[in-house]
Amino acid sequence: MTTPPLFSEFPMLGARLPRIPIGTWPTPIQRLNNFEHELPVASLWVKREDLSDPQCGGNKLRGLEFLLADAERHRARALLTFGAAGSYHVRATVLAGRRLGFDVSALLLPQPNAEYVRRNIVIARAAGARLVPVRAPLLPLAIAREWLHARPYIIPPGGTSPLSSIGQVNAAFELRDAVRSGTLPEPDYLFVALGSLGTAAGLALGCKLSGLKTRVVGVTVFARWYCTPARIARHTGRIARLMRALDPNVPKVRLVPEDVVVLGQHLGRGYAQFTQDGLEAARQLRETEALMLDGTYTAKAYSGALEYLRAHGQQNPHGLIWHTYLHLPAPPWSAADVERLPRALQAYFRQPLQPLDIEP
């Protein structure tokens, strides 16, 4: 098993921080040769987080390796998490958790309908998860525990916590090693979708700790009031404090809101509401690079990256897009399978999809 570069840098941190290896690291970095000539850039690259695992891959697996190890350390056998009805975080948590023998339950909030919502519901249910639709953001945990007849290990929405974000700090050290080895030039900008903020915060902190001058540019996909530079900076502080508590050799670093860029204009009408610009970005990347995007996260992130790079073309920058999406086909389902779902989840299979659904 290869030692993560963050732990090679700070061995005490690695010794004190439980982790269950699930993914294949480092993930590949691919140059967008067929696409970059359309942009005023020196080069454009993509970090293929989707290739970390054929089932659990995508953005969330790095953090789940730490969260699930912490759950085992607490001798939990059940996991409880939260998300929208078609949450990729919930899907990844269910697949990774069930692989390790956990019972997994998820409280699911309403969201706009899309083909991926149906697919993720079917995948999670087929893996054995208990899916509970709710209308309030957080169901009282006492009620949830009564339903589960257990004391589950709680995984927050998006899987975002200081602990899980250490996985993203390590990802930035992977990037540093790739730059040192000549795989790619040091990026001027790193573009990533902004939802629960854990990926952007961990990458920003990791870039600073590893000595990269790369600036993280987050593209808002959740809510403008939540996805702010100040919140990202506060989360980096929490991650840094946890790392230093485990290993005093981790340097004291501080990020301020001005260290990150947030692009809020690509959200469209709201979370999981697809946009025309995102649809166009998805079409271009599929045709030129055979990359699959999703309308909720990566299509908006790519759309924001392309506009930002065009606006800063006079700098002839090197750009890197953090590709967080793994397309998984759903197992076949029947009308009887849908009937066994809670009524609020059945509705996604009966209501029409939103007009700009971009996924096959």
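This is a short exchange about how terms are applied to a predicted model.

Modeller: Local features need pLDDT of at least 70, side-chain atom pairs count only at pLDDT 80 or more, and totals for chains, interfaces and linings use all residues. Residues are numbered from 1 along each chain as its sequence is written, and side-chain values use heavy atoms, without hydrogens and water.

Colleague: What makes β4 and β5 a pair?

Modeller: Pairing needs at least two bridges found by DSSP between two strands. β4 (residues 103-109) and β5 (residues 130-133) have 4 bridges, in the parallel sense. So they pair. Leu107 stands opposite Val132 in β5.

Colleague: Why is α8 called a helix?

Modeller: A helix is a DSSP run of H or I with at least four residues. α8 (residues 198-210) has 13, so the length condition is met.

Colleague: What span is expected for α8?

Modeller: The rule is 1.5 Å times one less than the number of residues. For α8 that gives 18 Å, and the helix reaches 18 Å from its first C-alpha to its last.

Colleague: Why is α8 described as largely enclosed?

Modeller: Because 12 of its 13 residues are buried. Buried means under 20% relative accessible area with a 1.4 Å probe, protein chains only; exposed is over 50%, partly exposed in between. Among the buried residues are Leu203 and Cys207.

Colleague: How do you know that Cys227 forms no disulfide?

Modeller: A disulfide needs two cysteine sulfur atoms within 2.5 Å. The closest cysteine sulfur to that of Cys227 is in Cys207, 19 Å away, so it is too far for a bond. The structure holds 0 disulfides.

Colleague: Is Cys227 buried or exposed?

Modeller: Its relative accessible area is 3%, so Cys227 is buried.

Methods
Helices (H or I, at least four residues) and strands (E, at least two) are DSSP runs, numbered from the N terminus.
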